[in-house]
Structure formats: structure tokens, C-alpha cells
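Work through the exercises below with the model open. Try each task before reading its solution.

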Amino acid sequence: MTRTKVIDILNATDFGREVCVKGWVRTHRTSKSIDFIALNDGSTIKNVQVVVDPTVIADETLRQVTTGACICVVGTLVESQGAGQACEIQCKQLEIYGLCDNTYPMQKKGQSFEVMRKHAHMRLRTNTFGAIMRIRHNMAIAIHQYFHDHGFFYFHTPLITASDCEGAGNMFQVTTKNLYDLKKDENGKITYADDFFGEQTSLTVSGQLEGELGATALGAIYTFGPTFRAENSNTPRHLAEFWMVEPEVAFIDQEELMDLEEDFIKHCVRWALDNCKDDLQFLNQMIDKTLIQRLEGVLKERFVRLTYTEGIDILQEAIKQGHKFEFPCNWGDDLASEHERYLVEEHFKKPVIMTDYPAAIKSFYMKQNPAGTAPGTSVGYRGTVAPGPTMQGTDVLFPQIGEIIGGSVREESYDKLMAEIAHRQMDTTHLWWYLDTRRWGSCPHAGFGLGFERLMLFVTGMQNIRDVIPFPRTPKSAEF
């Protein structure tokens with residue numbers, strides 16, 4: 001008999017027909033006269049109730065139907081006699097596919113997320129992680145839908161690269177060399193002539209540089225794929241392997257880039273509210289009781305647009321009023337999450353797009369503002385003039401998260417870009433192809449990067465980034 005998914009069973013009204021459902025047991029309540037089995041197959045956060053007459057199904061079989069067991073049920077779809085559910089299944093046949101004894105780590109009892117991370121291969125079967133993974137799927141669909149509807153082309157950038165987009169050097173090397181017999185030159189440096197690619201290569205930290213090539217040919221592209229950072233950061237906000245969304249667009253300026261960032265992220269939040277209602281309601285009840293209210297709040301108002309210099313003024317004023325920060329926040333400092341969240345959660349109480357950062361703390365490819373200026377629109381605040389050179393960065397700061405998007409206008413002038421590279425004493429050996437875009441037919445362009453797991457943190461209300469990706473990769477942890 002053809003299987004029907006639980007989500008379709010729960011929406012059905014043609015009572016009296018025979019149905020077949022398959023899934024995993026959430027709970028099994030038994031008595032002398034009747035048994036109740038809550039069955040879930042992952043298609044929805046909700047379970048379907050299977051009512052079993054012990055005279056129909058052998059007692060020996062029912063005793064094996066424990067939490068976590070996988071079963072197949074054939075029965076009659078009927079209106080439910082109990083509250084909170086529209087229908088249930090009167091069981092006629094029950095087959096056990098997979099037994100589950102009391103060593104099953106996801107028993108129906110309170111489990112900390114830390115404990116569940118040790119069982120990442122099993123935690124996906126829980127209500128919480130089922131909800132998170134369905135939302136993750138929907139967020140991916142929302143991203144593709146938005147860019148497709150707005151004329152962007154999905155552009156695949158390489159995972160293996162010889163260049164370091166961020167300039168941080170924290171990259172995972174890719175090699176086929178024998179690590180027990182490394183060839184070195186006369187200076188003691190490892191030679192890569194005999195390696196697979198003939199040069200030193202690593203896993204990418206970003207597809208942006210290649211994405212810019214796509215934008216200068218196709219007009220508007222986006223990438224969506226895994227990136228890798230070899231940072232020894234054991235924090236709730238860092239992963240060694242995570243997913244990035246990186247659109248690049250030709251012929252837009254800073255204002256238009258901020259419009260794109262705001263419209264895009266509101267689309268994603270709206271999609272979640274429209275398409276993940278049951279899962280969001282569950283997370284709102286079990287994880288964060290302000291979750292839905294916070295998501296709806298993002299859609300109601302225009303994001304604040306604030307220069308870095310204005311932001312520093314606000315933070316300095318907060319310090320004068322007695323607010324304590326762990327890290328310094330003077331002009332020129334790279335703002336910490338606590339500073340970003342203060343601006344978003346306490347001062348403005350809404351998302352902020354921060355612009356025009358000091359050049360020294362931003363990447364070489366960003367467009368520098370003319371001396372003494374800081375273009376950009378601020379809402380409800382007037383700040384001071386930046387005391388040093390600034391770049392046209394556009395970072396989106398969100399409540400609970402801090403930075404969720406990092407973007408900028410890119411420097412299109414070959415001479416200015418080369419001057420910045422020389423100022424930073426950068427090696428351009430592996431950037432010759434990137435610089436060619438400024439030599440031949442250069443154009444104004446801009447783009448941003450969205451950390452997909454950061455978006456997931458906000459949409460789900462979870463507090464640790466390791467809990468919004470199926471199998472987290474962190475320092476000293478690469479299991480599953």
C-alpha cells in the first residue's frame with residue numbers, strides 16, 4: 001500500500017479511508033483497553049496519533065514499540081475524539097522496521113543541547129532539530145527564490161583556491177603531498193611543484209573575488225555554498241565550515257546596496273513566517289518566547305542607517321552614562337558583538353546598517369571614501385565627521401546576533417586598488433586575474449556576504465551556531 005506522509009494525513013478530511021503511515025515513535029502510552037502511539041516521519045513538527053486495540057495487535061509486538069522505534073501502520077483515518085487534533089488512525093496492521101532499546105540517547109526527557117551535540121547523528125530525530133532543519137530548508141529556498149525573482153544568476157565559485165580573499169591567512173590547506181616526506185628548497189621552504197595543482201592551495205574562505213568576475217559579465221550573480229575558516233575559535237558564533245550567500249551586482253552604489261541588503265533579509269524573514277508557522281510556533285514555545293514577535297518586528301520598520309563614526313559617538317556616550325563594555329570602542333577599533341548588540345537592542349531597538357568603517361579594519365577591495373566625508377543616510381541621528389579614512393562598508397546588525405551581513409562597495413579603479421594593496425604590502429602573485437577586472441572594462445559594483453548559519457540563529461532563536469547546522473565542524477571536532 002502506498003505510504004502517506006504525516007503532514008498530508010493531518011490535513012486530510014476524507015475520513016473512513018484506509019491509509020498507510022511510516023515513521024518513528026515519539027511516545028507510546030499503553031493500558032489494558034487501548035494503546036496510543038504518537039508517530040512522526042519528519043514531514044511536520046506534529047505527530048499523528050495511532051490508536052491501537054490490544055486485541056488486534058499482539059501484545060508481544062506492542063511491547064517492542066518503544067520511543068525511537070521505526071514502524072509501519074495501516075489503518076482507518078477517523079476524526080479524533082480527543083482535543084488538539086483533527087484526526088487519528090485506527091490501527092489494523094503494525095509492522096516494526098527497526099527496534100529501539102533503552103540505550104537510545106534521544107529518550108523523551110530533557111536533554112541539554114551540549115549533550116545532544118555529542119549525538120549529532122541522532123539529534124535530528126528530535127522535535128527541536130527537526131524544526132530547525134525544516135526551517136533551514138525553507139531559508140535556502142527563500143534565498144534562491146529571491147535572487148531568481150530579481151534577475152540574479154546562480155554562480156558557482158570554486159572551493160579550492162590559491163588566493164585568500166580576506167587576507168587573514170586562516171585557511172585549510174589542500175594537498176596530495178606526502179606529509180612525512182615534504183620537499184623543501186634551499187631556504188627550507190616547502191615546494192609545491194610536485195603537488196596536485198603545482199602550487200599551494202587551500203579551501204576557500206569566500207567566493208567573493210570570483211563572484212565579482214561573474215558580476216562584471218552577467219550583471220548580477222549570487223553564490224551559495226560552503227566556506228571554511230581555520231580559526232581556533234570555540235565560541236557560540238563560530239564554525240570552521242559554514243555556508244555563505246554572496247551576491248555581487250554591477251552598477252549599484254552604497255545606497256542601492258543597503259536597499260538590497262534590507263529587502264533581501266526581510267524577504268527571508270517573511271518567508272519563514274509564511275512557510276514555517278508550525279515549526280516557529282514550537283520554537284517560540286520551547287526555545288524563545290519572543291521569537292515570533294522579534295521576527296515580525298523586523299518587517300515593520302526601516303532599518304537604521306548609521307555610520308561607524310556615529311555609532312562610536314553613541315557607544316562613547318553610553319560609557320559616560322555608566323554602561324560597561326568588556327572591550328574598548330574607540331574610533332578605529334573593530335566593534336565587538338557586545339557593541340553591535342547594544343546599538344541594535346538597547347539604543348535603536350531595531351536592525352542597523354552600519355556604514356563607512358575605518359579603512360584599517362576593512363578589506364583591501366573596499367572603495368575608500370573621499371577624505372573628510374562619510375556618505376550614507378542616517379535615520380534619526382547626526383554624527384561627527386570621521387577622523388580618518390573610511391571605506392564604504394555596509395554591515396547589517398541584528399538583535400541577538402550582531403553582524404549578520406557584511407557588505408561593501410568594491411573599488412573599481414585599478415590605480416586606487418593597487419595603491420591600497422601597496423599600502424598593505426600585499427603579495428599580488430595570486431591576484432593577477434582579479435586585478436585584470438580593473439584593467440579591462442572596469443565598472444562600479446558592490447556586494448555582500450550573509451552567513452547562512454547567522455541567519456538561522458536569528459530565525460530559530462537558537463543561541464549556539466553549532467545547533468543550526470546538521471553536523472558542526474569546530475576545533476578538535478569533525479565527527480559524523
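**Exercise 1. Aromatic pairs**

Task: How many aromatic pairs does a search of the whole structure find? Then classify the pair of F264 and F448.

Solution: The search of this predicted model finds 19 aromatic pairs. A pair of aromatic rings is described by the distance of the centres and the angle of the planes. For F264 and F448, the ring centres are 5.7 Å apart. Their planes stand at 45 degrees. Planes under 30 degrees apart would count as stacked, and over 60 as edge-to-face. The F264–F448 pair is therefore tilted.

Now place the two rings. F264 belongs to helix α7 (residues 254–275), F448 to strand β16 (residues 445–451). The pair thus ties together parts that are 184 residues apart in sequence.

**Exercise 2. Helix length**

Task: Check the span of helix α5 (residues 127–149) against the expected value.

Solution: Helix α5 has 23 residues. At 1.5 Å a residue, it should span 33 Å, the expected value being 1.5 Å times one less than the number of residues. The end C-alpha atoms of α5 are 33 Å apart, which agrees. Next, look past the helix. G151 follows α5 and has a positive phi, near 80 degrees.

**Exercise 3. Two helix contacts**

Task: At what angle do α10 and α11 pack, and which residues make the contact? Repeat for α12 and α13.

Solution: Take α10 (residues 308–320) and α11 (residues 337–347) to begin. Their axes lie 11 Å apart, at an angle of about 80 degrees. Angles of 65 to 115 degrees count as roughly perpendicular, so α10 and α11 are roughly perpendicular to each other. From α10, the contact uses G311, I314, L315 and A318. From α11 come H339, Y342, L343 and H347. By class, that gives five nonpolar residues, three polar and no charged ones.

Now α12 (residues 414–423) and α13 (residues 432–439). These axes are 8 Å apart, and the angle is about 145 degrees. Y414, L417, M418 and I421 of α12 meet Y434, L435, R438 and R439 of α13. The classes here are six nonpolar, no polar and two charged residues.

**Exercise 4. An open sheet**

Task: In what order do the three strands of the open sheet lie, and which stand at the edges?

Solution: The order is β7-β9-β8, with antiparallel pairing. The edge strands are β7 (160–161) and β8 (173–174). Each has a single partner strand, so one side of each is left without a neighbour in the sheet. Now inspect one pairing. Two bridges join β7 to β9 (residues 201–203). In β9, S202 is the bridge partner of T161.

Notes. Residues are numbered from 1 along each chain as its sequence is written. This is a predicted model: local features need pLDDT of at least 70, side-chain atom pairs count only at pLDDT 80 or more; totals for chains, interfaces and linings use all residues. Side-chain values use heavy atoms; hydrogens and water are left out. Two strands pair if DSSP finds at least two bridges between them. Helices (H or I, at least four residues) and strands (E, at least two) are DSSP runs, numbered from the N terminus. Axes are lines fitted to C-alpha atoms, for helices over the stretch in contact, and angles run from 0 to 180 degrees between N-to-C directions. Angles under 35 degrees count as roughly parallel, over 145 as roughly antiparallel, 65 to 115 as roughly perpendicular and the rest as oblique. Contact means heavy atoms within 4.5 Å. Ala, Val, Leu, Ile, Met, Phe, Trp, Tyr, Cys and Pro count as nonpolar, Asp, Glu, Lys and Arg as charged, and the others, Gly among them, as polar. Rings of Phe, Tyr and Trp (its six-membered ring) pair if their centres lie within 6.5 Å; planes under 30 degrees apart count as stacked, over 60 as edge-to-face and the rest as tilted.
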